[in-house]
Amino acid sequence: MQRQATPFWNPYLSGIGLGLVLVLSYVVLGAGLGASGAIARTSAVLADRVAPVAVEQNAYFSPWFADGSPLAHYLVFMAVGVLLGGFGSALSAGRVAPGIERGAGASVFVRLGFALGGGALAGFASRMAQGCTSGQALSGGALLLSGSWAFMFAVFAGAFGAAWFVRKEWQA
Amino acid sequence: MNFFEQDLLGTPQAWAYALVIGAAFGFWLERAGFGSSRKLTAMFFLRDFAVLQVMFTAIVTALVVLHVLGLFGWVDVTHVYRTETVLAPQIVGGLVFGVGFVAGGWCPGTALVGVASGKLDALVFLGGAMLGSVAYAFALPSLAGFTELGACGISTLPEWLGISPTWIVIAVVAMAVSVFVFLERWQKARAA
């Protein structure tokens, strides 16, 4: 039997912690937190292995290859940090456990299919919106940027609007 | 002087700081329970509002601290990287992102925490997000025009609404506190 995982921390306390990390990021780096940028840069490197000419001539990707690797970017290092910090926290709380989270109404196949499709939509959309829930909603929101607030309300609208259609995936 | 202001975000020293800041970011996301796709999506089925509570508290905390530091002249938020507002792609992108969030169970940052916690669905989500990113890069020529629709440059709510930043900060704090009080009462009433 695995040892019992410790409970999650209070959401308001966690929010204060996250908010202070964001302040630190602005004060030290002069840029907010972000996650989707690193994922897009990793995708460029992987796609470059498959179709180097097409990727390096692509208008969106080519600037990332201009001065070396797309991975030579602060957001990539930040994402590596997120992996390490997340792992440290999960490990110390007894929450590292291989598995697939899904509702009773969804098979493993269905759940992973939705994870892939949902990921594709989120990846596409975060490029379109120039950021995700970290870079736009959280980081831009704290600077009161108009587009970040528009993005944030749109995310909630999209998720609430689609929830009914995927209810079986998450059914208790 | 921050790294961005000095044009030094591309230096290994900045990357070292980014790594440490990222680790703190990942730590707090995991502590909040965001290494779980069930917890992340529960809000959209009105079961658990941690996503809203954590997100709004983080925004309000950073907003207030940055505003106060700014009043004392210790931080100048015009000297940090600010994404330009382009309304159409940000609103449409937000809607599509929201669908991807509730269907996929993750957003990019939390999926990294999910992978660190051993979740296979988080890894698959990240694979999907990479496919989506590549798809966007190659779809971009056919999106010409749309990606510039509603471009406002760097736009802040105080400038856009013509209200002083202090009042906007107070309004955002008041809105967040009202939402939290409502949620707490509603959850208590529902549990009873």
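In this short talk I will go through how the two chains of this model meet, how each chain divides into domains, and where enclosed space is left inside. Please keep in mind throughout that what we are looking at is a predicted model.

Let me begin with the contact between chain A and chain B. On the side of chain A, 114 residues take part in the contact, and on the side of chain B the number is 118 residues. The size of an interface is often given as the accessible area lost when the parts come together. For chain A and chain B that buried area is about 10200 Å², and carbon and sulfur atoms account for 77% of it. Turning to the polar side of this interface, we find 31 residue pairs in polar contact, counting pairs in which both residues have pLDDT 80 or more. The rule for salt bridges finds three of them across the interface of chain A and chain B. If you would like to look at one salt bridge in the structure, go to B:D121 and A:R111, whose side chains meet at 2.8 Å, taken from N to O.

Let me now take chain A by itself. The domain assignment divides chain A into domain 1, which covers 1–98, and domain 2, which covers 102–172, and the C-alpha centres of these two domains of chain A lie 17 Å apart. Where they meet, ten residues of domain 1 of chain A are in contact with eleven residues of domain 2 of chain A. Between them, the two domains of chain A bury about 770 Å², with 63% of that area on carbon and sulfur atoms. The rule finds zero salt bridges across this interface within chain A, while four residue pairs are in polar contact there, both residues of each pair being at pLDDT 80 or more.

Chain B can be described along similar lines. Here the assignment gives domain 1 as 1–31 and domain 2 as 34–191, and 19 Å separate the C-alpha centres of these two domains of chain B. Six residues of domain 1 of chain B are in contact with nine residues of domain 2 of chain B, and the area buried between the two is about 600 Å², of which 67% comes from carbon and sulfur atoms. Which three residues supply the most of what domain 1 of chain B buries against domain 2 of chain B? They are B:F4, B:L29 and B:E30, and together they supply 70% of that area. Across this interface within chain B the rule finds zero salt bridges, although three residue pairs are in polar contact, again with both residues at pLDDT 80 or more. The residues on the side of domain 1 of chain B that touches domain 2 of chain B divide into two nonpolar, two polar and two charged.

Finally, I would like to turn to the enclosed space. The count comes to two cavities of 30 Å³ or more, and the largest cavity holds about 180 Å³ of space. This largest cavity is lined by 16 residues, and those closest to its centre are A:T133, B:L29, B:F34, B:M55 and B:T110. You will recognise B:L29 from the domain interface of chain B that I described a moment ago.

How values were computed. Residues are numbered from 1 along each chain as its sequence is written. Chains are lettered from A and ligands numbered from 1 in the order in which they are written. Side-chain values use heavy atoms; hydrogens and water are left out. Domain bounds come from an automatic or database domain assignment. Contact means heavy atoms within 4.5 Å. Buried area is the accessible area (1.4 Å probe) that two parts lose on being put together, summed over both. A salt bridge is a side-chain nitrogen of Lys or Arg within 4 Å of a carboxyl oxygen of Asp or Glu. A polar contact is a pair of N or O atoms within 3.5 Å; within protein, one must be able to donate a hydrogen and the other to accept it, and residues adjacent in sequence count only if both atoms are side-chain atoms. Ala, Val, Leu, Ile, Met, Phe, Trp, Tyr, Cys and Pro count as nonpolar, Asp, Glu, Lys and Arg as charged, and the others, Gly among them, as polar. On a 1 Å grid over the protein atoms alone, a cavity is a set of points where a 1.4 Å probe fits but cannot get out, and a pocket is an open set with protein on both sides within 12 Å along at least five of seven lines; lining residues have an atom within 4 Å of a point. Grid points are joined across faces, edges and corners, and a volume is the space filled by probe spheres set on the points.
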